[in-house]
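Subject: Structure for you to look over

Hello,

The structure we talked about is below, with the sequence. My notes on what was found follow after it.

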Amino acid sequence: MDEVYIGKILEGDTEAFRYFLRKYQDMAFSLAMSVLKDEFAAEEAVQDAFMKSFGALASFSNHSSFKTWFYRIVLNEAFLRRKRQQKDFLEFCRDYDEELADEDLLDSKSLEEKTLLINEALKRLPDREAVVLRLFYLEEESIRSVSEITGWTEANIKVILHRASKNMLGVINKMMKHE
């Protein structure tokens with residue numbers, strides 16, 4: 001379906017770009033939030049990514065899907081903003097040796113509480129880890145697809161995914177201890 005709308009846009013129907021806005025804005029925002037940890041900055045990064053993708057649509061090749069191409073633009077924009085801001089988002093939870101006190105941490109929580117807790121924990125993870133977890137688990141992308149979107153090797157994705165899963169549990173455990 002993306003190809004149909006790309007064709008319409010390239011033929012001059014700029015209103016057809018609304019299809020991409022509706023289809024990809026939520027996950028694009030989620031990815032940008034994974035890197036920037038700030039709603040305003042994430043919104044700006046997504047807006048810039050949409051503008052860049054619109055401007056570069058004529059050079060889009062079908063070697064990858066529009067989704068993969070666009071998410072890569074989003075991540076590049078988010079990482080660029082992060083560098084410009086020169087903030088250190090890596091101050092959270094890096095204790096890899098922490099033992100979990102309870103493996104069933106989330107069993108007593110409602111779905112809404114679990115969602116809030118997971119989203120807050122993702123904000124506290126290093127950006128690469130949050131991006132990989134969102135793409136792999138929330139967007140249900142394959143390792144290969146995550147590699148294509150991020151530009152990182154599949155081996156690197158697997159290492160980050162393993163580390164991120166462990167760190168995520170550690171962050172959730174710390175958060176629940178402080179409730």
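Glu44, Asp48 and Arg81 are linked in a salt-bridge network. The model is a predicted one, so please read every value here as computed from it. A search of the whole structure returns 10 salt bridges. In general, side chains of opposite charge can pair when their charged atoms come close.

Three further pairs are worth listing.

- Lys52 and Glu77: their side chains meet in a salt bridge at 2.4 Å, N to O. The pair links distant parts of the chain, with Lys52 in helix α3 (residues 39-56) and Glu77 in helix α4 (residues 66-85), 25 residues apart. The two ends have their own levels of exposure: Lys52 is partly exposed, with a relative accessible area of 44%, while Glu77 is buried at 5%.
- Glu15 and Arg18: this salt bridge is 2.6 Å, N to O, between the side chains. Glu15 is partly exposed, at 48% relative accessibility, and Arg18 is partly exposed as well, at 45%.
- Glu120 and Lys123: the side chains form a salt bridge of 4.0 Å, N to O. Both residues belong to helix α5 (residues 111-124) and sit 3 residues apart, about one turn of the helix. An α-helix has 3.6 residues a turn, so residues three or four places apart point the same way. Glu120 is partly exposed, with a relative accessible area of 27%, and Lys123 is partly exposed at 31%.

On the overall fold: the chain has 8 helices and 0 strands, and along the sequence its pattern reads α-α-α-α-α-α-α-α. Of the 179 residues in the chain, 44% are buried. Among contacts in the chain with a separation of 6 or more, 70% are between residues 24 or more positions apart.

The next item is a helix pair. Two packed helices are described by the angle between their axes and the distance between the axes. Helix α7 (residues 143-150) packs against helix α8 (residues 154-177) at an angle of about 105 degrees, and the axes are 9 Å apart. Angles of 65 to 115 degrees count as roughly perpendicular, and α7 and α8 are therefore roughly perpendicular to each other. On the α7 side, the residues in contact are Ile143, Arg144, Val146, Ser147 and Thr150; on the α8 side they are Glu154, Ile157, Lys158 and Leu161. By type, the residues of this contact divide into 4 nonpolar, 2 polar and 3 charged.

How much of α7 is covered? Mostly covered is the description that fits, since 6 of its 8 residues are buried under the cut-off of 20% relative accessible area. The buried residues in α7 are Ile143, Ser145, Val146, Ser147, Ile149 and Thr150. Of these, Ile143, Val146, Ser147 and Thr150 also appear in the contact with α8. After α7 comes Gly151, with a positive phi near 85 degrees.

A positive phi also turns up at a residue that is not a glycine. Most residues other than glycine have a negative phi. Lys37 has a positive phi of about 60 degrees although it is not a glycine. Lys37 lies in the loop between α2 (18-36) and α3, and at 15% relative accessibility Lys37 counts as buried.

Two polar contacts complete the notes.

- Asp127 is placed in helix α6 (residues 127-138). Asp127 is buried, with a relative accessible area of 5%, and a polar contact of 2.7 Å joins its side chain to that of Arg82.
- Ser59 is in the loop between α3 and α4. Ser59 counts as exposed, at 58% relative accessibility, and its side chain reaches the backbone oxygen of Ala56 at 2.7 Å.

If you open the model, the places to look at are the network of Glu44, Asp48 and Arg81, the packing of α7 on α8 and the positive phi at Lys37.

Regards

Methods
Residues numbered from 1 in each chain as written. Predicted model: local features only at pLDDT ≥ 70, side-chain atom pairs only at ≥ 80, totals over all residues. Heavy atoms only, no water. Axes fitted to C-alpha atoms, helices over the stretch in contact; angles between N-to-C directions. Helix = DSSP H or I, 4+ residues; strand = E, 2+ residues; numbered from the N terminus. Parallel < 35°, antiparallel > 145°, perpendicular 65-115°, else oblique. Contact = heavy atoms within 4.5 Å. Nonpolar A, V, L, I, M, F, W, Y, C, P; charged D, E, K, R; others polar. Buried < 20%, exposed > 50% of the residue type's maximum accessible area, 1.4 Å probe, protein only. Polar contact = N/O pair within 3.5 Å; in protein donor to acceptor, adjacent residues only side chain to side chain.
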